[in-house]
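Student: Got a minute to go through this one with me? I'd like to start with how the helices pack and then move on to the rest.

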2 protein chains.
Amino acid sequence: MKISSRFAVAVHALLAIYALGDEYKMTSDFIASSVNVNPVIIRRTLLSLKAAGIVAVKSGSGGAVPLKNAADVSLYDIYTAVDCLDGSLFNFHENPNPECPVGKNIHSVLDSHLDSAQKALEDELKKTSFEDLLKKLDSLT
Amino acid sequence: MKISSRFAVAVHALLAIYALGDEYKMTSDFIASSVNVNPVIIRRTLLSLKAAGIVAVKSGSGGAVPLKNAADVSLYDIYTAVDCLDGSLFNFHENPNPECPVGKNIHSVLDSHLDSAQKALEDELKKTSFEDLLKKLDSLT
DNA sequence: ATAGTTGTAACCGATATAGTTACAATTCTT
DNA sequence: AAGAATTGTAACTATATCGGTTACAACTAT
């Protein structure tokens, strides 16, 4: 099973807010037309980013603005902001048999390695800031 | 969304095959009672491991046996054997708007970073062999 | 022949995702 | 103050996937 597209949508939305926010009012409709999803999806995404203190959204008059320097927001921050995985990235079977030497110890044997793998993923996401992404975007346009 | 428990189930099953295979005939029923899932789940798991050349399964008379040295099988091998993610770990929204400078370039900007993150996860999984896991299991029993 | 086992098909229920419609509450503009 | 635009949110749908289950034909060994 994959990591939800909510993550990619949130990155896209925030990138748009950083890159186009000076030029346009970043309403959910506007962002939705760039991402090409329903505006409600964007509103929900913005709620997550708002809860994480990454953007401010004006209700009523509309428009999202960044609250942090692009250099201070990493892909990991977005990943946690829209988090859909509730702790561990890996699912585990519920009730390994405690009567069996393997079943009894499977967690002790395996958990730390899965945690390390997840941490490696997350550490890699921490390495990329929105400043990096914006620079790359600039170089392409 | 999380990585399917099929992965953890497969690791558990193979660990049992390595650790208990000399002592017991490793039928799907036997393994199922250690993992505590339906035997059909184990049969399907063994089919994946078989397709990856990691175990041999005797149809009819029954029983699974390892085909490789534990040192030569890593968690990554299992991860790919039972693969449920068909390429990328990250889902992506389907049709970013090509009329928008952000939508047009989102893949160019983001893909390589997501690939790196996934690769970091996978490289970490490559570091752990079943020999490591068996040693740890031994030390606990 | 019989018993035990695998491989496989055909389901089921639960959950999560992604999407949609609708609308009250809010804010800005005039 | 009225009206327009926008957000926040509820309620719902459709679809996919997961994990599980029953059932049974094909196979193997005794």
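**Helix packing and contacts**

Tutor: Sure. In chain A, α1(A) passes α6(A) in a right-handed crossing. Keep in mind that this is a predicted model.

Student: OK, at what angle do the axes of α1(A) and α6(A) cross, and within what distance do they come?

Tutor: They cross at roughly 70°, and the axes come within 11 Å. α6(A) covers residues 130-140.

Student: So what do we call α1(A) and α6(A) relative to each other?

Tutor: Roughly perpendicular: angles of 65 to 115 degrees count as that, so the label applies to α1(A) and α6(A).

Student: And which residues meet there, in α1(A) and in α6(A)?

Tutor: From α1(A) you have Leu14(A), Leu15(A), Tyr18(A) and Ala19(A). They meet Phe130(A), Leu133(A), Leu134(A) and Leu137(A) of α6(A). By class, that contact has eight nonpolar residues, no polar and no charged ones.

Student: Switching to the chains: how many residues of chain B are in contact with chain A?

Tutor: 53 residues of chain B, in contact with 53 residues of chain A.

Student: Which helices of chain B each supply at least two residues to that side?

Tutor: α1 (5-20), α2 (28-35), α5 (101-126) and α6 (130-140) of chain B. α5(B) has the largest share, with 16 residues.

Student: How does that side of chain B divide into nonpolar, polar and charged?

Tutor: The side touching chain A has 32 nonpolar, 17 polar and four charged residues.

Student: Now the DNA. What's closest to strand C?

Tutor: 27 residues surround DNA strand C, and the closest are Ser5(A), Asn38(A), Gly60(A), Ser61(A) and Gly62(B). So you can see both chains in it, here are the elements: α1 (5-20) and α3 (39-51) of chain A, with α2 and α3 (39-51) of chain B, give two or more residues. α3(B) gives the most, five residues.

Student: What classes are they, near strand C?

Tutor: Nine nonpolar, 14 polar and four charged.

Student: And which residues come nearest to DNA strand D?

Tutor: Of the 26 residues around DNA strand D, the nearest are Gly62(A), Ser5(B), Asn38(B), Gly60(B) and Ser61(B). The largest share of that surface comes from α3(A), with five residues.

Student: Which other elements supply at least two residues near strand D?

Tutor: Besides α3 of chain A, there are α2 (28-35) of chain A and α1 and α3 of chain B. By class, the surface near strand D has nine nonpolar, 13 polar and four charged residues.

Technical notes. Residues are numbered from 1 along each chain as its sequence is written. Chains are lettered from A and ligands numbered from 1 in the order in which they are written. This is a predicted model: local features need pLDDT of at least 70, side-chain atom pairs count only at pLDDT 80 or more; totals for chains, interfaces and linings use all residues. Two residues are in contact if their C-beta atoms, placed from the backbone, lie within 7 Å. Helices (H or I, at least four residues) and strands (E, at least two) are DSSP runs, numbered from the N terminus. Ala, Val, Leu, Ile, Met, Phe, Trp, Tyr, Cys and Pro count as nonpolar, Asp, Glu, Lys and Arg as charged, and the others, Gly among them, as polar. A residue is near a molecule or strand if its C-beta atom, placed from the backbone, lies within 6 Å of it. Axes are lines fitted to C-alpha atoms, for helices over the stretch in contact, and angles run from 0 to 180 degrees between N-to-C directions. Angles under 35 degrees count as roughly parallel, over 145 as roughly antiparallel, 65 to 115 as roughly perpendicular and the rest as oblique. A crossing is left-handed if the near helix is turned anticlockwise from the far one by less than a right angle, and right-handed if clockwise.
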